[in-house]
Amino acid sequence: MNGIFSAVKKDGSVYYRASITYRKKHISLGSKDSEPRARRLYNEADRILHSNISLDDYIITSALSFATWVVLINCRDNGVYFKNPIYLKKNFFLYYISENLVLKFDKDDLFYYSEHAIQTRGGHFFCEDYGSQVNLKNRYGIRAFAVEGRDYRFLNGDNTDYRYENIEIVNPYYGVEKDDQTFPVSYKAKITVKGKYSLGKYSDAETAAIAVNKAIDFLSRTDLRKKGTRSNFIENLSASRYADIYSSIELPKRFMELVSAHLPE
């Protein structure tokens, strides 16, 4: 039967695969344990592709998943097939996590997300990439420690809008916080270990980040360093320049007293 193909599982049971061809593109619709149920998949797909049905018409009892609706409607409206639930707009695209959660991306990211499905867990978005889970925010320079509103901002207030022009990185380094209340602007370095310890104010974020690195180095000699704490990686800074800045930084007395008190005997 057109669009429905029977197949046999390893245990010998028969199941039915549904697929449809649209604009010379073969689209798999899934499989069911009976021919009538597989036929429902095909009929619904055919109706979507040859009518003005929109995503607003989707209901929970639909034969096809919501993600498949997105794939089919995008293929119908834009003439492009993606295996992931992507819908193209003029200058950007939408990625449907669910009916009620939609992310926006620049078209520069289209190739990546057409090949990498976005998953969610614990309120975080991530993709499987070469066997590893890549946090979505990391692709946009948002570090794991970052706090929204303090370390980065979505300029239009929409935290589902991942277009590059909408993301502002305020504090790119761990333990560094920009102080807008001073003139000229300064950067506060701090670390949390048995309470918060200020490591001083610096004229640029890179020097503040190096101060944090130096503090972490001192803590590594004690039993105080937290597991998972990583030093900042400073780009565009030569090893000799890094060393000069590192050696010039004098960490506060209060912090150094803490380190001294926890050095091994």
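**Close-up views of a predicted model**

**View 1. Asn236 and Lys194, two loop residues with positive phi.** The loop that joins helix H4 (205-219) to helix H5 (239-248) holds Asn236, where helices (H or I, at least four residues) and strands (E, at least two) are DSSP runs numbered from the N terminus. This is a predicted model, in which local features need pLDDT of at least 70 and side-chain atom pairs count only at pLDDT 80 or more, while totals for chains, interfaces and linings use all residues. Residues are numbered from 1 along each chain as its sequence is written, and side-chain values use heavy atoms, with hydrogens and water left out. Asn236 has a positive phi near 55 degrees although it is not a glycine, and its relative accessible area of 83% makes it exposed (exposed means over 50% relative accessible area, buried under 20%, and partly exposed in between, with a 1.4 Å probe and protein chains only). Most residues other than glycine have a negative phi. Lys194, in the loop between strand E13 (186-192) and strand E14 (196-202), also has a positive phi, of about 55 degrees, and Lys194 is exposed at 60%.

**View 2. The buried and exposed faces of helix H6.** In H6, which spans residues 253-261, the buried residues are Phe255, Leu258 and Val259. They lie on the same side of H6, because they cover an arc of only 100 degrees around the axis, the arc being that of the directions from the helix axis to the C-beta atoms. An α-helix has 3.6 residues a turn, so residues three or four places apart point the same way. Exposed Lys253 and Ala261 sit on the face turned away from the buried side of H6, whereas the cover over its buried residues includes E13, E14 and H4.

**View 3. The largest nonpolar core, with Leu64 and Ser62.** A nonpolar core is a set of buried Ala, Val, Leu, Ile, Met, Phe, Trp, Tyr and Cys residues joined through side-chain atoms within 4.5 Å. The largest one has 28 residues, of which Leu29, Leu64, Trp69, Leu72 and Tyr96 touch the most other members. Two or more residues of this core come from each of strand E2 (14-22), strand E3 (25-32), helix H1 (35-49), helix H2 (66-78) and strand E5 (92-98). Leaving aside residues up to four places away in sequence, Leu64 touches several residues, among them Leu41, Ile48 and Tyr58, where contact means heavy atoms within 4.5 Å. In the loop between H1 and H2 lies Ser62, which counts as buried at 13% relative accessibility; not counting residues up to four places away in sequence, Ser62 touches Arg40, Glu44 and Trp69.

**View 4. The second largest pocket.** A pocket is an open set of points, on a 1 Å grid over the protein atoms alone, where a 1.4 Å probe fits, with protein on both sides within 12 Å along at least five of seven lines; lining residues have an atom within 4 Å of a point. Its volume is about 230 Å³, a volume being the space filled by probe spheres set on the points, which are joined across faces, edges and corners. Among its 12 lining residues, Arg150, Tyr174, Gly175, Lys190 and Thr192 are the closest to its centre. E13 gives the largest share of the lining, three residues.
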